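Reader: Hi, I have just opened a new chain and I am not sure how to read it. Could you go through it with me?

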Amino acid sequence: MPTLTKLYTMEEASQHNTKDDCWVVIDGKVYDVTPYLDEHPGGDDVVLAATGNDATDDFEDAGHSKSAKELMQNFCIGELDTSAPIIPELEIASKKETANYFRNLMDLTKQYWAVPVAIVGISVVAGFIYLRKK
């Protein structure tokens with residue numbers, strides 16, 4: 001059955017992720033919520049965080065009222081094109097990032113060495129006191 005609304009890919013919708021141009025995808029429909037950002041009761045940060053992927057779960061988890069769902073229809077600009085391939089986001093860590101992580105971990109270890117030493121010391125003293133009382 002042909003659709004009368006414009007079809008958008010997830011990639012197209014994810015490019016609209018700023019306060020001046022914000023689209024969200026909920027239940028397979030694409031909404032341009034830019035004019036509503038300032039009025040959103042949860043703040044614009046919540047909506048902006050939902051851009052770039054399917055926000056259906058976030059929308060449902062927030063417990064929106066029936067009137068909110070009706071208001072949402074005013075911002076519908078099209079539907080999600082499900083025939084377009086969905087490319088998963090992959091996060092690839094480079095060797096440089098891994099080396100930086102371990103270097104940062106070692107720096108923290110050198111900086112805060114007194115805390116674990118103090119815990120071990122207090123445990124040893126408490127153990128000796130406990131054994132002497134027996």
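Reader: Thanks! How many helices and strands does the chain have?

Author: The secondary structure of the chain comes to six helices and five strands, and please keep in mind as we go that this is a predicted model. Read along the sequence, these elements follow the pattern β-α-β-β-β-α-α-α-β-α-α.

Reader: And what share of the residues is buried?

Author: Of the 134 residues in the chain, 19% are buried. As for how the chain meets itself, if you take the contacts between residues at least 6 apart in sequence, 67% of them join residues at least 24 apart.

Reader: Okay, so which residues touch the most other members in the largest nonpolar core?

Author: That core has 13 residues, and the ones touching the most other members are V24, I26, Y31, V33 and V47. Strand 3 gives the largest share of this core, with three residues. Apart from it lies another core, made of six residues, including Y8, A13, V30 and L80.

Reader: What is V24 in contact with, if we skip its neighbours within four places in sequence?

Author: With those neighbours left aside, V24 is in contact with K29, V30, Y31, V33, V47, A50 and T51. You can also look from V24 towards S14, since the two are ten residues apart in sequence and their C-alpha atoms are 7.9 Å apart in space.

Reader: Where does S14 lie, and is it exposed, partly exposed or buried?

Author: S14 lies in helix 1, which covers residues 10-14, and S14 counts as partly exposed because its relative accessibility is 22%.

Reader: Changing topic, how much space lies in the largest pocket, and which residues are nearest its centre?

Author: About 500 Å³ of space lies in the largest pocket. Its lining has 22 residues, and I26, H40, V47, F59 and H64 lie nearest the centre. You may recognise I26 and V47, which were also named among the residues touching the most other members of the largest nonpolar core.

Reader: Which elements supply at least two residues of that lining, and how do its residues divide?

Author: Strand 3 (21-26), helix 2 (44-49), helix 3 (56-61) and helix 4 (66-72) each supply at least two residues of the lining. By type, the lining residues divide into 17 nonpolar, four polar and one charged.

Reader: I clicked on D27 as well. What is its phi, and where does it lie?

Author: D27 has a positive phi of about 50°, although it is not a glycine. Most residues other than glycine have a negative phi. D27 lies in the loop between strand 3 and strand 4 (29-32), and it counts as exposed because its relative accessibility is 53%.

Reader: How far apart are D27 and D57?

Author: Their C-alpha atoms are separated by 9.0 Å, with their positions 30 residues apart along the chain. D57 is placed in helix 3, and with a relative accessible area of 56% D57 is exposed.

Reader: And P35, is that one buried or exposed?

Author: P35 counts as exposed, because its relative accessibility is 55%. P35 lies in the loop between strand 4 and helix 2, and its C-alpha atom is 8.7 Å from that of C22, which is 13 residues away along the chain.

Reader: Last one: which residues does the "transmembrane region" annotation cover?

Author: According to the UniProt annotation, which comes from an unreviewed entry, the "transmembrane region" covers residues 112-131. In the model that span is 90% helix and 0% strand, and its end C-alpha atoms lie 30 Å apart.

Conventions. Residues numbered from 1 in each chain as written. Predicted model: local features only at pLDDT ≥ 70, side-chain atom pairs only at ≥ 80, totals over all residues. Heavy atoms only, no water. 1 Å grid on protein atoms, 1.4 Å probe; cavity = no way out; pocket = protein on both sides within 12 Å on 5 of 7 lines; lining within 4 Å. Points joined across faces, edges and corners; volume = space filled by probe spheres on them. Helix = DSSP H or I, 4+ residues; strand = E, 2+ residues; numbered from the N terminus. Nonpolar A, V, L, I, M, F, W, Y, C, P; charged D, E, K, R; others polar. Core = buried A, V, L, I, M, F, W, Y, C linked by side-chain atoms within 4.5 Å. Buried < 20%, exposed > 50% of the residue type's maximum accessible area, 1.4 Å probe, protein only. Contact = heavy atoms within 4.5 Å. UniProt positions renumbered as here; feature names shortened; annotations may be inferred.
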